[in-house]
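Trainee: I am new to this structure and should like to understand the terms used for it. May I ask how each description is justified?

Mentor: Certainly; let us look at it together.

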Amino acid sequence: ISHNLVKNGRPGFSVIKNRLFPCLAIVVPQQTTADKFGLFISMGLTDINYMGTTGKGSACLVFPLYLYSETSEHQTIDPFSKRTPNLNMKIVSKMAQKLGLAFVPEKEPEGKVCYINNPEVRDDYKITFSPVDILDYFYAALYSPSYREKYQEFLKTGFPRVPYPKNEGIFWQLVELGKQMRAIHSLESDAIEKSTVSGISAYPVDGGNVVEKLQYTAFSEGKVGKVFINSTQYFDNVPELAWNFFIGAYQPAQNWLKDRKGRILALEDILHYQKIIAALTETVRLMNEIDKIEIE
């Protein structure tokens with residue numbers, strides 16, 4: 001995915017306008033200063049420190065999935081009719097040849113937003129692939145623990161490079177897992193709702209809901225614990241893996257609460273934090289599923 005985000009040293013409207021439409025983008029650091037590589041997704045304008053990365057070369061860069069044509073005085077009803085995939089077509093052509101599939105610039109039905117998916121079709125009957133499929137393949141591959149371990153040193157010095165899919169079967173497996181990961185990180189997955197209903201990160205004690213001193217107390221088996229926000233109130237059954245999980249240099253389960261120290265958590269804040277814990281728990285599960293697939 002191309003990242004032509006700077007013109008004459010400063011971002012201009014020709015760049016920023018691509019983030020004014022509801023279109024997916026992958027957010028990655030140019031290099032990783034710590035041992036934690038991270039990437040995430042965005043649907044809008046994105047802060048340079050989106051994943052807690054700071055310092056020279058480590059600030060986030062945004063890779064929009066589509067680029068939009070210049071607007072004019074006569075606005076069209078459907079701005080999506082004037083967008084093009086932000087992809088290197090030479091690479092796309094090579095992928096198409098390797099997979100034996102035809103590339104289509106939009107996923108059917110013609111979407112109003114670029115993350116709309118086709119009706120469910122068996123992988124062995126699919127004859128086309130689209131930009132969002134490439135994004136999902138990319139997203140899954142970069143969440144592979146084996147990939148990150150193998151290329152740890154390379155990820156510290158430059159942009160990640162993803163290998164071509166070995167075959168059509170592996171491609172569609174990773175596309176599906178990447179799609180699930182994307183839905184989870186957008187907090188739009190049904191799996192998140194199921195996790196919160198199951199008791200993960202329950203909030204059982206009434207009180208003032210003031211974030212004072214954070215403390216994670218693990219249970220005897222060390223797999224789950226309580227996240228205290230003050231001396232009496234806590235989120236229960238929080239997996240330790242979720243509490244310590246990094247996305248880049250950012251630990252969502254910890255930093256989200258630290259950023260709200262001294263504040264009163266409203267009901268929607270409590271529900272949102274529960275979704276964060278569920279999303280992180282599901283991320284770990286999906287990473288394990290991705291790691292079962294031989295990417296290269």
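Mentor: This is a predicted model, in which local features need pLDDT of at least 70 and side-chain atom pairs count only at pLDDT 80 or more, while totals for chains, interfaces and linings use all residues. Residues are numbered from 1 along each chain as its sequence is written, and side-chain values use heavy atoms, with hydrogens and water left out.

Trainee: How many helices and strands does the chain have?

Mentor: There are 10 helices and 10 strands. Both are DSSP runs numbered from the N terminus: helices are H or I with at least four residues, strands are E with at least two.

Trainee: What makes a residue buried, and what share of the chain is buried?

Mentor: Buried means under 20% relative accessible area, exposed over 50%, and partly exposed in between, with a 1.4 Å probe and protein chains only. Of the 296 residues in the chain, 45% are buried.

Trainee: Why is strand β10 described as largely enclosed by the rest of the structure?

Mentor: Strand β10 covers residues 234-239, and five of these six residues are buried, so the description follows.

Trainee: How do you know that β9 pairs with β10?

Mentor: Two strands pair if DSSP finds at least two bridges between them. Four bridges join β9 (residues 224-228) to β10, and the two run antiparallel. Phenylalanine 228 stands opposite tyrosine 234 in β10, and valine 224 stands opposite proline 239. A hairpin of five residues connects β9 to β10.

Trainee: What is the order of the strands in the open sheet, and what makes a strand an edge strand?

Mentor: The open sheet of three strands has the order β8-β9-β10, with antiparallel pairing. Its edge strands are β8 (215-218) and β10, each of which pairs on one side only.

Trainee: Why is helix α3 called roughly perpendicular to α6?

Mentor: Angles run from 0 to 180 degrees between N-to-C directions, and axes are lines fitted to C-alpha atoms, for helices over the stretch in contact. The axes of α3 (residues 131-142) and α6 (residues 168-185) come within 7 Å and cross at roughly 85°. Angles under 35 degrees count as roughly parallel, over 145 as roughly antiparallel, 65 to 115 as roughly perpendicular and the rest as oblique. The crossing therefore makes α3 roughly perpendicular to α6.

Trainee: How do the residues of that contact divide?

Mentor: They divide into 11 nonpolar, two polar and four charged. Ala, Val, Leu, Ile, Met, Phe, Trp, Tyr, Cys and Pro count as nonpolar, Asp, Glu, Lys and Arg as charged, and the others, Gly among them, as polar.

Trainee: What makes α3 mostly covered, and how do you know that its length agrees with expectation?

Mentor: In α3, 11 of the 12 residues are buried. The expected span of a helix is 1.5 Å times one less than its number of residues. For α3 this should be 16 Å, and its end C-alpha atoms are 17 Å apart, which agrees.

Trainee: Why is α6 called roughly antiparallel to α10?

Mentor: The two helices pack at an angle of about 170°, with their axes 10 Å apart. This angle therefore makes α6 roughly antiparallel to α10. The residues of this contact divide into eight nonpolar, three polar and three charged.
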